[in-house]
Amino acid sequence: MIKTWAICLIFKSLMKHISLLCAVGPVQALDFNPFKPSLLASGASDSEIYIWDLTNPSNPLTPGSKTLPPDNISCVSWNRQVQHILASASPCGRCVVWDLRKNEPIIKVSDQSATVSETRIIIYVLYLEDI
């Protein structure tokens with residue numbers, strides 16, 4: 001059973017650090033790494049993506065250079081099979097899969113018509129067997 005108070009304390013401390021670094025806009029997406037629960041990915045406006053180690057939240061990492069053109073990151077998701085793969089998506093239908101060992105994107109998918117939801121794109125890309 002997860003203790004609600006512990007989660008609240010963790011997020012209160014973490015959000016203080018995030019608000020200092022993500023001055024561009026609000027955090028819109030969060031996802032814990034399934035292999036290392038102390039790692040938390042966050043996504044915000046202006047293509048801001050950070051990887052937070054909750055044991056040292058004052059020093060977050062980025063997966064690589066910001067994607068261009070800048071966009072809101074409304075979804076982040078860790079790969080459930082490979083611990084160093086992270087995907088991010090934006091409402092315009094753009095999805096980027098990041099290799100955190102290389103600190104660069106390994107796959108970029110874009111739906112210019114934006115008719116496919118960002119969640120469906122992320123699920124499709126994350127479960128390709130080649131990743």
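1. Strands here are DSSP runs of E of at least two residues, numbered from the N terminus, and two strands pair if DSSP finds at least two bridges between them. The model is predicted, so local features need pLDDT of at least 70 and side-chain atom pairs count only at pLDDT 80 or more, while totals for chains, interfaces and linings use all residues. Residues are numbered from 1 along each chain as its sequence is written, and side-chain values use heavy atoms, with hydrogens and water left out.

2. The hairpin of β6 and β7 has four residues between its strands, and within this hairpin Asn103 takes a positive phi near 55°, although Asn103 is not a glycine. The strands β6 (94–99) and β7 (104–110) flank the loop that holds Asn103; they run antiparallel and are joined by six bridges, with Asp99 having Glu104 in β7 as its bridge partner. Asn103 counts as partly exposed because its relative accessibility is 42%, the class being bounded by buried (under 20%) and exposed (over 50%), with a 1.4 Å probe and protein chains only.

3. An open sheet of three strands follows the order β1-β2-β3 with antiparallel pairing. Its edges are β1 (27–32) and β3, each with a single partner strand, so one side of each is left without a neighbour in the sheet. Neighbouring strands of this sheet are turned by 20° against each other on average, direction ignored, where axes are lines fitted to C-alpha atoms and angles run from 0 to 180 degrees between N-to-C directions.

4. Five bridges join β2 to β3, and Ala41 has Ile51 in β3 as its bridge partner. In the loop between β2 (39–44) and β3 (49–53) lies Asp46, a residue other than glycine whose phi is positive, near 60°; at 27% relative accessibility, Asp46 counts as partly exposed.
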